[in-house]
Amino acid sequence: MDNIQIAEMFNRMAKLLEFKGENQFKTRAYTNAARSIKGLDEELKVLYKEGDLDSISGVGEALKSKITEMLETGTFDAYEKTMSEIPQGIIDIMDIPGIGPKMARLFYEKLGVTSVDELSRAAREHRIRRLPRMGEKQEEKILRSIVRLQGDKDHGRHPMALAMEIAKEIRNELCSCPHIEKVTIAGSLRRKKDTVGDIDLIAISSEPERAIEFFVNMEKVEEILNSGTSKGSVIYPGNYHVDLRVVDKEHYGSMLQHFTGSKEHNIHLRKLALTKGYSLNEYGLTNESGNITSCTGEEDIYEFLGLDHLPPEIREDRGEIEASLTGNLPRLIERKDIKGDLHVHSNWSDGANTMEELAEAAIQRGYEYIAITDHSHSTGIANGLSDRRLQEHIDEIDRLNEKFDEIKILSGTECDIRTDGKLDYSNDLLEQLDIVIVAVHAGLEQDRNKMTKRIVAALENEHVDIIAHPTGRKLGKRPAYDVDMEKVITVAAENKKALEINSSPWRLDLNDINARKAKEHGVMIAINTDTHTLDHLDNITFGIDVARRAWLEADDVLNTMNLKQLCSRLGIPKD
Ligand code: DGT
Ligand code: CA
Ligand code: CA
């Protein structure tokens, strides 16, 4: 242990004692010692080896013996004992910035709060503000800290789209190895989870050691973490942790099934196998007499268990196994179901391309329609359109529609929802548009109540069609703003508005959980790209990934409608 680690452990001990309500002298002894240790020039472990611990000042005898204990064992008895007396959830609460041991104790004693989730619920139910020395401000601050903390949990994870690019690059290189027959992407990346912790690959080879050797020696590998006889792990540029497992043909199916996960899905499958008298692991199904049924394809396992070959995107143990057993599996949406893109920016605001270029690109993708939805004037940096320019925008689209027969260009806006819930354009102006998307771009730090009201107000405007990126999150950059999604979904359902799955790899907003909730409430989803340059149009696949993880079928999605159906839904006059 180095000095910093020892000092941190003392600080932590002081917090634990304070939570327990021990006297101040005892806690202060620990914090003072921690401060002295941080100020030392020499490493304690060196002093200890030289028998010189006595030379440090500001640390009493009792604490010096605890330092010795730490240097010898990595911890000390009193610390372990105190830790075991306090629930982990309370320790997590004390680690939230702005919440110390005293507050954690107050929440525990008055509200029985023993975890971050319980604290979050108490704050949302306004039970915190009623406590002594607390108030509305404090309560909001606590909620914000929790939200931020949850955003930080994503740290170290990678947006799926970026990881996919790296995974494909590695797969291609591995395929050039003469000892490797086939490479498949597994893990959360195969399930298309919005962020992934690492990249998991499975390879078929009859020479596993040589395959692993090839893998760990690839040119771009920065660090070899593990190089074994059937698996290897490396660090790849961009701090990607990559795992490769090598397997013979015979076990490929069970290996792929196992390492695709999710863990929860696998646990459920294993239980199901047990009810049939089999145990299931990465090598296949084993019966009571020890006979292994190896599975060359993963569909063999599902078939054996009486299940459909479940799409990887829904393997999360969120009801997919039950749905398959009862014949209620959804027919998940596919790329070919998409008939157009409803959220696209041109160079009239902050997009890079002309409306014509966008229309051409949409035709190339086989679309029936594309909506040009430039920004409104609040987003000054995005060159948002004034009332007058919006009018010209509409005229320009009319002109272009004369020119193009193969595609319908819808005139739209991505209109700001201001902090008070009002929209940037008047109803008279909105009425002239084919499609109105609204979005929150500023005032993201508003409290839950205000933010929810703000979005609800927009949903209640008769001209609004879609709420774009409804939670405002940006992966690895900022968490969702604080909004009551249940309420937004309910009001969207009442007013027959659609919510967006924004396909930008950095947004993927709504996420899978919220999009599924929306579907369950009968809310239509629009899968949009929010295109700013032509290649963004192809991000639609990432939005479809989210939609599939949300169990969406073609009928749940607005832009699977053909032009005629869409016009009738949006109330666009036929011409
Ligand atoms: P990640 O990497 O955090 O985005 O998520 P995954 O799902 O890729 O997790 P990872 O890389 O730890 O493991 C890959 C798969 O291996 C996982 O989805 C299921 C399987 N697996 C890993 N650990 C366990 C386990 O303890 N039990 C079971 N049943 N399966 C596991
Ligand atoms: Ca993984
Ligand atoms: Ca892994």
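The shell around ligand 1 divides into six charged, eight polar and two nonpolar residues; here Asp, Glu, Lys and Arg count as charged, Ala, Val, Leu, Ile, Met, Phe, Trp, Tyr, Cys and Pro as nonpolar, and the others, Gly among them, as polar. This is a predicted model, in which local features need pLDDT of at least 70 and side-chain atom pairs pLDDT 80 or more, while totals for chains, interfaces and linings use all residues. Residues are numbered from 1 along each chain as its sequence is written, chains are lettered from A and ligands numbered from 1 in the order written, and side-chain values use heavy atoms, without hydrogens and water.

Of the 16 residues around the ligand, R157, S188, R191, G197 and R270 come nearest, where "around" means a heavy atom within 4 Å. Three polar contacts (N or O pairs within 3.5 Å) are worth a look:

| Residue | Partner of a ligand 1 oxygen | Distance |
|---|---|---|
| G197 | polar backbone atom | 2.8 Å |
| R191 | side-chain N or O atom | 3.0 Å |
| D200 | side-chain N or O atom | 3.1 Å |

Alone, ligand 1 exposes 600 Å², of which the protein buries 70% (Shrake-Rupley method, 1.4 Å probe). Because domain 2 (158–247) and domain 3 (252–325) both give residues to the shell, ligand 1 lies between them; the bounds come from an automatic or database domain assignment.

Now to T286, which sits in strand β9 (residues 284–287), strands being DSSP runs of E with at least two residues. T286 counts as buried because its relative accessibility is 19%, and buried means under 20% (1.4 Å probe, protein chains only).

Note on methods
A polar contact is a pair of N or O atoms within 3.5 Å; within protein, one must be able to donate a hydrogen and the other to accept it, and residues adjacent in sequence count only if both atoms are side-chain atoms. Helices (H or I, at least four residues) and strands (E, at least two) are DSSP runs, numbered from the N terminus. Buried means under 20% relative accessible area, exposed over 50%, partly exposed in between (1.4 Å probe, protein chains only).
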